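Trainee: I have a structure open in front of me and would like to learn how to read it step by step. Could we go through it together, with questions as they come up?

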Amino acid sequence: MKAKHGAVLLLLAMAAGCGGGEGAPAQTGGEEAGEAATAEMAMLIEAPTGAVNAELAGQGESLFQAKGCVGCHTVGGGRLTGPDLDGIAERREFGWVMAMVQRPDSMLQNDEVAKELLAEYMTPMVNMGVTQEEALAIYEYLRQ
Ligand code: HEC
């Protein structure tokens, strides 16, 4: 379990390394780049299954507060500015959640489900600058 997570994180670190490099700022087609990035995310990272990694979930819980998610979301406490995220891992695809957490701006422009949510909630979720590692930890927290 530990070893497996280590491998995934290494992969994430590598992916983040290329993505944040010289390629990104040079791109002009913002929407297409966003779409490619979100598709890439979904392919690169394996959805975590089985027992929740408690240590990672703990980090995720701290990040959920530190990154300001708590300002708009509860987990089981009802709707605020954004949806209650309780049971999100059952209701959405892993890759979709990862993309929404990292690139809500691009998702709200390109993804049909995200667009529907925006129509319902009337407030665009803000890009909080969450890295892949952080998003994975937050996902682990939301999955438990
Ligand atoms: C400014 C308020 C705000 C903040 C801060 C915010 N969100 Fe959101 N979030 C929303 C809203 C509103 C939606 C619904 C889509 C929309 O209208 O943009 C949403 C949608 C989502 C969804 C999809 C929910 C579903 O039912 O499918 C996830 C997952 C999510 N947010 C996670 C996060 C995480 C994790 C953070 C912190 C890194 C965060 N959000 C920060 C407002 C926010």
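Trainee: In which pocket does the ligand sit?

Mentor: Keep in mind that this is a predicted model. A molecule sits in a pocket if more than half of its atoms lie within 2 Å of the grid points of that pocket. For the ligand here, the answer is the second largest pocket.

Trainee: Which residues come nearest to the ligand, and which helices supply at least two residues each of the shell?

Mentor: There are 25 residues around the ligand, and those that come nearest are C69, C72, H73, T123 and M125. As for the helices that each supply at least two residues of the shell, they are α5, α6 (94–102) and α8.

Trainee: Which residues coordinate the iron atom of the ligand, and how many residues apart are they?

Mentor: The iron atom is coordinated at 1.9 to 2.2 Å, through the NE2 atom of H73 and the SD atom of M125. H73 belongs to the loop between α4 (54–66) and α5 (88–91), whereas M125 belongs to the loop between α8 (112–121) and α9 (132–143), so that the pair links distant parts of the chain. The coordinating residues are therefore H73 and M125, and their separation is 52 residues.

Trainee: What is the geometry of the site of the iron atom?

Mentor: The iron atom has six donor atoms, with angles of 83 to 179° among them. Six donors count as octahedral if opposite donors are over 155 degrees apart and all others lie between 65 and 115. The site of the iron atom is octahedral.

Trainee: Is H73 buried or exposed, and what about M125?

Mentor: Buried means under 20% relative accessible area, and exposed means over 50%. H73 has a relative accessibility of 12%, so H73 counts as buried. M125 has a relative accessible area of 29%, which means that M125 is partly exposed.

Trainee: Which residue has a polar side-chain atom 2.6 Å from an oxygen atom of the ligand?

Mentor: Several residues approach oxygen atoms of the ligand, so we should look at each distance and at the kind of atom involved. M125 places a backbone N or O atom 2.8 Å from an oxygen atom of the ligand, and a side-chain N or O atom of R91 is 2.8 Å from a ligand oxygen. The polar side-chain atom at 2.6 Å belongs to R92.

Trainee: How many helices and strands are there in the protein chain?

Mentor: Read from the N terminus on, the elements run α-α-α-α-α-α-α-α-α. The count for the protein chain is nine helices and zero strands.

Methods. Residues numbered from 1 in each chain as written. Predicted model: local features only at pLDDT ≥ 70, side-chain atom pairs only at ≥ 80, totals over all residues. Heavy atoms only, no water. Donors = N, O, S within 2.8 Å, 3.2 Å for Na, K, Ca; no water. Tetrahedral: all angles 85-135°; square planar, octahedral: opposite > 155°, others 65-115°. Helix = DSSP H or I, 4+ residues; strand = E, 2+ residues; numbered from the N terminus. Buried < 20%, exposed > 50% of the residue type's maximum accessible area, 1.4 Å probe, protein only. Near = heavy atom within 4 Å. Polar contact = N/O pair within 3.5 Å; in protein donor to acceptor, adjacent residues only side chain to side chain. 1 Å grid on protein atoms, 1.4 Å probe; cavity = no way out; pocket = protein on both sides within 12 Å on 5 of 7 lines; lining within 4 Å.
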